[in-house]
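Reader: I have a new structure on my screen and would like to learn how to read it. Could you walk me through it?

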Amino acid sequence: MSNRDKKTNENVMPAPVTKLPAVSDRHDADEEAPGAADRPPLPAAFVRRMEALLGEEAGAFLRAYGEPRAYGLRLNGRKLADLRLEPDKLHRMIGLEPVPWCPGGFYYAPESRPGRHPYHAAGLYYIQEPSAMSAAELLAPQPGELVLDLAAAPGGKATQIADRLAGQGLLVANEIHPARARVLSENIERMGIANAVVTNEPPDRLAKRFPAYFDAVMLDAPCSGEGMFRKDPDAVREWSEAAVTACAVRQAGILDEAAKMVRPGGRLVYSTCTFNREENEKTIARFLERWPDFELRQSLRLFPHREHGEGHYAALLVRREDADEGGRAAAGAHAGCGRKGGRDAGRRDRSGFARFRAFAAEALPGFSPDEDLPGGGPLAFGQQLYWLPDGGGRFAPHLLDGLRVLRPGLHLGDLPKDRFEPAHALALHLRPSAARWCLPFAADAPETAAWLRGEALPADANLAGWGLVAVDGLPLGWGKASGGRINNRLPKGLRRP
């Protein structure tokens, strides 16, 4: 993941963070992984547990630890439509093979290193461990729904949910840890998502704000990480039976808060990247005892000796239509949510949006704010202008009052003095046809590499003003043409060495 110091991070409000035991969130990590020969030995207690769990299959499972891990990515459907490259060529270039349980998911050849390709910077795909793609498919978000990803960093399942929402409805992507919440926000931006809000809150505060509110909730719970042992040596070294017990206790508390936010008739998916029953089936069984208005509709397990993937568990829970709602978001919007250091949502800014309209009229003749933005309205945080989606009329700015919000929708740009400066997020959201001018380059062109390093490019002397630089039809960022050159406006934190 890129280490960014961009302006949108200025909206993060500092707050204390509880120290938690080491747990795994590594199933959406990057391409790096040790070879089989470099992996540490499996803990003896873990081996005994797996033998008890799998019986005759344990031998095949343990042998799989010595085999190569799976590498996967998920294509961004919205960006794929703009890619000026034949799909077959893309598949051959990266060595793509379909992941059976995810229509947009693919295995890739590790030597292709897609994380270093310009297409990654343009948001064409998200690098994601293949088995981790199963949980969002089980949740099956539908366009127009209100969806919460409660523990969303680094963003694999959140961006997968957003892809399925297809620009309609609303995704609230939350992460309790500030640094990881920033990475989540960056990935939401890179994938060009407009109908998402990124928050940095503990689950209980969100539950007070949004009781019985969401159509669907994803909880990819922090866990002991047994499914990531081939991928991450630290997960092996940190594992213990005590850690399994501690994780199960934590998961129960987080799952209870997640359940409070599911509307009657709504869905909740609980998932982990671990194998033991304490954190999976037993956690769900105890939850159903505490929450009789939920029922288990489906569960799945992925094992590395059965499927080409690392390991995952997911359970689909549905809340009964006649369940007690326990209050509504509108009623709970301010109840019990006040906190020193909190912050009210930004103000509606019509004058700032008028500046954006003027900018769009000049620089984006192929873009209509009224037609091409999701339903919602402009929102200003200091000098930053966002477009806050309204989730089909079900979401309003006051619901963010007092919450730590990193990204209240699509960052349109900044408002210094009487100017408008377009945001990088807007460039990645746009289609190249929207811009007055767009300089397209091939992925292997020297200009593409120079642009990603932050260098200016030569241009026709008649070219002026704001426009886009693109790779094979995918915007990489803003440029500003003047005097026969295009000044590079790629954020410094994204520039390559």
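Author: Gladly! Let's begin inside helix α7, where Gly156, Lys157, Ala158, Thr159, Gln160, Ile161, Ala162 and Leu165 are buried. "Buried" means under 20% relative accessible area, with exposed being over 50% and partly exposed in between (1.4 Å probe, protein chains only). Helices (H or I, at least four residues) and strands (E, at least two) are DSSP runs, numbered from the N terminus. This is a predicted model, in which local features need pLDDT of at least 70 and side-chain atom pairs count only at pLDDT 80 or more, while totals for chains, interfaces and linings use all residues. Residues are numbered from 1 along each chain as its sequence is written, and side-chain values use heavy atoms, leaving out hydrogens and water.

Reader: Then how many residues of helix α7 are buried, and what does that tell me?

Author: Of the 10 residues of α7 (residues 156-165), 8 are buried, so the helix is largely enclosed by the rest of the structure. Look at both ends too. Just after α7, Ala166 has a positive phi of about 55 degrees. Pro154 belongs to the loop between β5 (146-149) and α7, and the peptide bond that joins Ala153 to Pro154 is cis, with omega about 5 degrees.

Reader: Which other residues have a positive phi although they are not glycine?

Author: Two loop residues make good examples. Arg113, in the loop between β3 (105-107) and α5 (118-121), has a positive phi of about 45 degrees. Ala140, in the loop between α6 (134-139) and β5, has a phi near 50 degrees. Arg113 counts as partly exposed at 27% relative accessibility, and Ala140 counts as partly exposed at 22%.

Reader: How do I read a sheet? In what order do the 4 strands of the open sheet come?

Author: The general idea is that strands of a sheet pair through backbone hydrogen bonds, either parallel or antiparallel. Two strands count as paired if DSSP finds at least two bridges between them. Here the order is β12-β13-β15-β16, with antiparallel pairing. β12 (376-381) and β16 (421-422) are at the edges with a single partner strand each, so each has one side without a neighbour in the sheet. Helix α14 (residues 350-363) packs on this sheet, touching β12, β13 (384-389), β15 and β16. The direction of α14 makes about 95 degrees with that of β13; axes are lines fitted to C-alpha atoms, for helices over the stretch in contact, and angles run from 0 to 180 degrees between N-to-C directions.

Reader: Is β15 mostly covered or mostly open?

Author: Mostly covered, since this line of residues has 5 of 5 buried. β15 pairs with β13 in the antiparallel sense over 4 bridges, and with β16, also antiparallel, through 2 bridges. Find Gly413 on your screen: its bridge partners are Leu385 and, in β16, Pro422. β15 and β16 form a hairpin with 6 residues between them, and Lys417 in that turn has a positive phi of about 50 degrees.

Reader: How do I read a single buried residue, and what does Asp215 touch?

Author: Start with where the residue sits, then list its neighbours. Asp215 is in strand β8 (residues 214-220) and is buried, with a relative accessible area of 4%. Not counting residues up to four places away in sequence, Asp215 touches Glu145, Leu146, Arg263, Gly266, Arg267 and Arg394, where a contact means heavy atoms within 4.5 Å. A polar atom of the Asp215 side chain is 2.8 Å from the backbone nitrogen of Leu146.

Reader: And where does UniProt place the feature "active site"?

Author: An unreviewed UniProt entry places that feature at Cys273. UniProt positions are given in the numbering used here, feature names are shortened, and annotations may be inferred rather than shown by experiment. Cys273 is in the loop between β9 (262-272) and α12 (281-290), and counts as buried at 0% relative accessibility.

Reader: How many helices and strands does the chain have?

Author: The chain has 17 helices and 21 strands. Of its 497 residues, 60% count as buried. Among contacts with a separation of 6 or more, 77% come from residues 24 or more positions apart.

Notes: Polar contact = N/O pair within 3.5 Å; in protein donor to acceptor, adjacent residues only side chain to side chain.
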